[in-house]
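Visitor: I am new to reading protein structures, and I would like to go through this one slowly, with the reasoning spelled out at each step. Could you show it to me before I begin asking?

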Amino acid sequence: QLTQIDGMSSTQSPLVSKALAYAAAAHGSIDHVRKYTGEPYIHHPIEVMEIVSSVPHTEDMLAAALLHDTIEDTSVTQEDINREFGPTIAKLVMELTDQCHEGNRAARKSAEAVRLSSVSRDAQTIKLADFISNTRSILRHDPGFAKVYLREKAQVLAVMTSGDASLYSLATSLTECAEATAESLLSSRGN
C-alpha cells in the first residue's frame, strides 16, 4: 500500500497518509497522468496539499486537498469518501468537485464561479491552492490555453474571496503575471 511519495514528510498524520494512499490508488486505477508531463496524476494533489500546508490549515483540509479530484476524475463517489473519511472531508471534497455540466465551456465556467463563491472558507483555500498548481503547469506547458484558463480563473477569483488571504494574494498576482508571460511566450513562438 502506498503511504509516501517523493519528498512527502514521513511524519505526516495517519489521516493524511490514508488520504494519500486512497487518492494514489484511485488515480492509479485509471492510469491517470498529468496532461502535459505524463507524470502520475497524484503529483498534482500532493502539490495542492503542500500549498495548503503552507498556510493555516487542518488535517481535514490536507486530506481533502489530496482527495480533491477523486470524485470528479475517478470512479470514487461521495459515499465512498464519506465511508472512508467521514462527512467533513466528504463535504469538502464535494465542494471542490466541479458540479456544473450544462452548456458550453463559458457557461459551465461561469456557473462554477457562482457556485464556488458560496463554498466554505476551507474549500476556497484548497481551491486557491489547486488554481496555483494548475496555473503554474498550464503556463509552463500551454501558453495558448493559459490565456483562456486565466480569463476563467479571474472570473472565479473575483467572487471567491473567503479563502486564505495569502493564497488569494498569490493566486491574484500569479494570474496577473501569468497573463503577461503567456502573451510573451506566444509572441516569441509566433502564435
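Visitor: Which helices do the buried residues of helix 3 pack against?

Guide: In this predicted model, helix 3 is mostly covered, with 7 of its 9 residues buried. Those buried residues are Met-61, Leu-62, Ala-63, Ala-64, Ala-65, Leu-66 and Leu-67. The helices that they pack against are helix 1, helix 2 (43-53), helix 4, helix 5, helix 6 and helix 8.

Visitor: How many residues of helix 6 are buried?

Guide: The buried residues of helix 6 are Ile-89, Ala-90, Leu-92, Val-93, Met-94, Glu-95 and Leu-96, and they pack against helix 1 (14-29), helix 3 (59-67), helix 4 (70-73), helix 5 (78-85), helix 7 and helix 8. Helix 6 (residues 87-96) is largely enclosed by the rest of the structure because the number of its 10 residues that are buried is 7.

Visitor: Which helix gives the most residues to the largest nonpolar core?

Guide: The largest nonpolar core has 50 residues, of which Leu-67, Ile-81, Ile-89 and Ile-126 touch the most other members. The helix that gives the most to this core, with 8 residues, is helix 8 (residues 121-141).

Visitor: Which residues does Ile-126 touch, not counting residues up to four places away in sequence?

Guide: Ile-126 is one of the residues that touch the most other members of the largest nonpolar core. With residues up to four places away in sequence not counted, the residues that Ile-126 touches are Val-48, Val-52, Met-61, Ala-64, Ala-65, Leu-92 and Leu-96.

Visitor: Does Glu-112 count as buried or exposed, and which backbone nitrogen does its side chain reach?

Guide: Glu-112 is found in helix 7 (residues 105-116), and because its relative accessibility is 6%, under the 20% cut-off, Glu-112 counts as buried. Leaving aside neighbours within four places in sequence, Glu-112 is in contact with Thr-97, Asp-98, Gln-99 and Cys-100. At 3.4 Å, the backbone nitrogen reached by the side chain of Glu-112 is that of Gln-99.

Visitor: How far apart in space are Glu-112 and Gln-155, C-alpha to C-alpha?

Guide: In sequence, Glu-112 and Gln-155 are 43 residues apart. In space, taken from C-alpha to C-alpha, the distance between Glu-112 and Gln-155 is 9.9 Å.

Visitor: What is the relative accessible area of Thr-175?

Guide: Thr-175 has its place in helix 10 (residues 165-189), and, not counting residues up to four places away in sequence, Thr-175 touches Phe-131, Leu-150 and Leu-157. Thr-175 is buried, because its relative accessible area is 5%.

Methods:
Residues are numbered from 1 along each chain as its sequence is written. This is a predicted model: local features need pLDDT of at least 70, side-chain atom pairs count only at pLDDT 80 or more; totals for chains, interfaces and linings use all residues. Side-chain values use heavy atoms; hydrogens and water are left out. A nonpolar core is a set of buried Ala, Val, Leu, Ile, Met, Phe, Trp, Tyr and Cys residues joined through side-chain atoms within 4.5 Å. Buried means under 20% relative accessible area, exposed over 50%, partly exposed in between (1.4 Å probe, protein chains only). Helices (H or I, at least four residues) and strands (E, at least two) are DSSP runs, numbered from the N terminus. Contact means heavy atoms within 4.5 Å. A polar contact is a pair of N or O atoms within 3.5 Å; within protein, one must be able to donate a hydrogen and the other to accept it, and residues adjacent in sequence count only if both atoms are side-chain atoms.
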